[in-house]
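Me: I am new to this structure and would like to start small. Please pick one chain, look at it closely with me, and then show me where it meets its surroundings.

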Amino acid sequence: MASESDLQEMFQYFRIQKLLNEEAKCLDDWRLQDWLSLYTEDASYYVPPTDIAAAEADPTKHLYYIADNRGRMEERVTRLEKKTCHAEFPRSKVQHVVSNIVVNDSLENGRLSVSASFVIYRSKNGSTDMFMGSYLYELADIEGQLRICKKACSLALDGLRPQAKISIIL
Amino acid sequence: METPYIIDDRDGGRFKVARETFTSQEVFEKERDLIFKNCWLYLGHESELKEASAFVARTVADQNILFVRGRDNVIRALFNVCPHRGSTVCREKRGKAKTFQCMYHGWVFKNTGELAHLSGENAYSKDFKEGDESNLRPVPRLEQYAGFYFICFNKDVEPLEDYLAGSKEYLDVIAAQSAQGMEIIGGTQEYSIQANWKLLVENSVDGYHAESTHATYLDYLMNTNGSLTATRLAGKGYDLGNGHAVIEYSAPWGRPVAQWIPMWGEDGKKEIDQVYDELVGRVGAETAEKIATKNRNMIIFPNLVVNDIMAITVRTFYPTSPNSMMVNGFAMGVVGESDWRREYRLSNFLEFIGPGGFATPDDVEALEQCQNGFKSAANAPWNDISKGMKAAVPSFDDELQMRAFWREWNRRVSEFEEK
């Protein structure tokens, strides 16, 4: 028989999985405003460099590929919604696959730390780029809703070769 | 190629480049032999080797090079190739090491390049280990200017300082930004672009494309409160000799050294003012104004870009085929600058530059689309870079700087045919 705490853990896992799947679906469907709504007002989104160990990387000390606060996340979405965002016009086809979700120990600020693996395919101009790596999330339970406070995407890639750019949201 | 590479009609004010120069295997091979084996190529910055025994393993024009500060404190460029059978000796990208051991037969080299240990030494002739041939080979030439280290695969090349010609003055401007010196900030942007390398040369010093290619970036700056001053985009292009060129211009964005924008607040203003005042005290008012308020996009022939704009980017690249290139981008900052300034510098850098920025992905798209267009070179054969050709003083958004590059490129590649 599953105990009460087992059931709670399962429920929590289910909520997290649902949130991550929803995020992936928003990004694949190019519903970027919906994507933003999954994030808190103080959210941040990072893609660290591929030549610094994930545990050492620090956006105030190292050159990241992406280090967005909420304001720049919104501007990123605004940009991606324009025709003049040439890298994504016409839009690429994108498929996020999110798996291997692990709930880590809770953080001191009461937030949840969650890791997951991703594989993302992006097709445009007759070629397909693949991005793979791991997500590290900080999630907050806000009035019964799980929201994303922070997402860091560590690429399991030796540089962006041949991808050249991260013009989509990982 | 049956047509000329370029048409340089100074009287008529027309400059054309044959699109086949971006697609031809024959041209690619000439570039490899006549440009990349004969020109000074950027290897790295002295700040990457702060301590004895620090090393960086890097690929320059397809050759694996060890950039290393030896235990004797001498900076060297060694081929990262085992003299025994050719395997790569150091397979880590950077670190500290007193010795390097080849994985294949276990030969061990001191970080000065000297063979230190030879397994099965008894089976070799007596003086085998002492011979120079069993050491890691040094790259024929290594020289530095203002902390920028360059290598050349041709031992007879002219001295680096002669080669750099007028670009030296602009490297001095970078070095003069701080009394503490400049450094490469950790974290390399490593990417490839499916386009000919010369497209990135042109793009890196192209003042004409911003309004169209980077419309979303300019929108972003305008939408972000306090991210701009009233300064207008205005400036000039200069031919620096030997194929090097620069555009120098004023621009409305913030510069860590030293142009304040309202977003940085009153505390930021105090700090930027201090930076400016320190500059004036050290280099004089005129040079300080140039360093602090002017932006510079510079190409050092053939493949080093130093762009001192909202942040400093040092970018080098080389072709891997006619239609693909490898790119390495680094951010440069002031040694010991405050956390606040470093953070804004990095923020300025990555919101514009690099694979995840608001601008570079659109450059990549443009370059790859050009490469795609060049497939029709047989019937649509010419690129045009005539803009501002008849101007007495070419503007920063004219194309003088590209013509300077192409004239030198043409001179070097055509030499082959005359022989």
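Reply: Let's begin with a term: a residue is buried if 20 or more other C-beta atoms, placed from the backbone, lie within 10 Å of its own, exposed if 12 or fewer do, and partly exposed in between. By that count, 32% of the 170 residues in chain A are buried. Please keep in mind that this is a predicted model, where local features need pLDDT of at least 70 and side-chain atom pairs count only at 80 or more, while totals for chains, interfaces and linings use all residues. Residues are numbered from 1 along each chain as its sequence is written, with chains lettered from A and ligands numbered from 1 in the order of writing.

Chain A is our close-up. Its three helices and six strands (DSSP runs of H or I over at least four residues, or of E over at least two, numbered from the N terminus) follow one another as α-α-β-β-α-β-β-β-β. The radius of gyration of chain A is 16 Å, close to the 15 Å that the globule rule gives for 170 residues, so chain A is as compact as a globular protein of that length; the value is taken over C-alpha atoms, and the rule is 2.2 Å times the number of residues to the power 0.38. Along the principal axes, the C-alpha trace of chain A spans about 55 × 35 × 30 Å. Of the contacts in chain A (C-beta atoms within 7 Å) with a separation of 6 or more, 53% link residues 24 or more positions apart.

Now follow the strands with your eye. Strand β4 of chain A covers residues 112–124 and runs antiparallel to β5, residues 127–142, with 13 bridges between them; a pair of strands needs at least two DSSP bridges. One place to see this pairing is A:S115, whose bridge partner in β5(A) is A:L136. The turn of this hairpin has two residues between the strands, and A:N125 there has a positive phi of about 50°. From β5(A) the chain goes on to β6(A), residues 145–155, again antiparallel and joined by 10 bridges. Look for A:D141, which stands opposite A:L146 in β6(A). This hairpin, too, has two residues between its strands, and A:E143 takes a positive phi near 45°.

Where does chain A meet chain B? There, 31 residues of chain A are in contact with 35 residues of chain B. On the chain B side, β13, α6 (215–223), α9 (339–352) and α10 each give two or more residues, and the largest share, nine residues, comes from β13(B).

Take α10(B) a step further. Among its buried residues are B:T360, B:V364, B:L367 and B:Q371. The buried residues of α10(B) pack against β13 (182–193), α4 (197–204) and α5 (210–213) of chain B, so your eye can go back to β13(B), the strand that gives chain A's neighbour its largest share of touching residues.

Finally, here is chain B as a whole. It holds 11 helices and 20 strands, and 48% of its 419 residues are buried. Its C-alpha atoms fill a box of roughly 75 × 60 × 35 Å along the principal axes. A compact globule of 419 residues would have a radius of gyration near 22 Å, and the 23 Å of chain B agrees with that. Of the contacts in chain B between residues at least 6 apart in sequence, 62% join residues at least 24 apart.

How values were computed: Contact = placed C-beta atoms within 7 Å.
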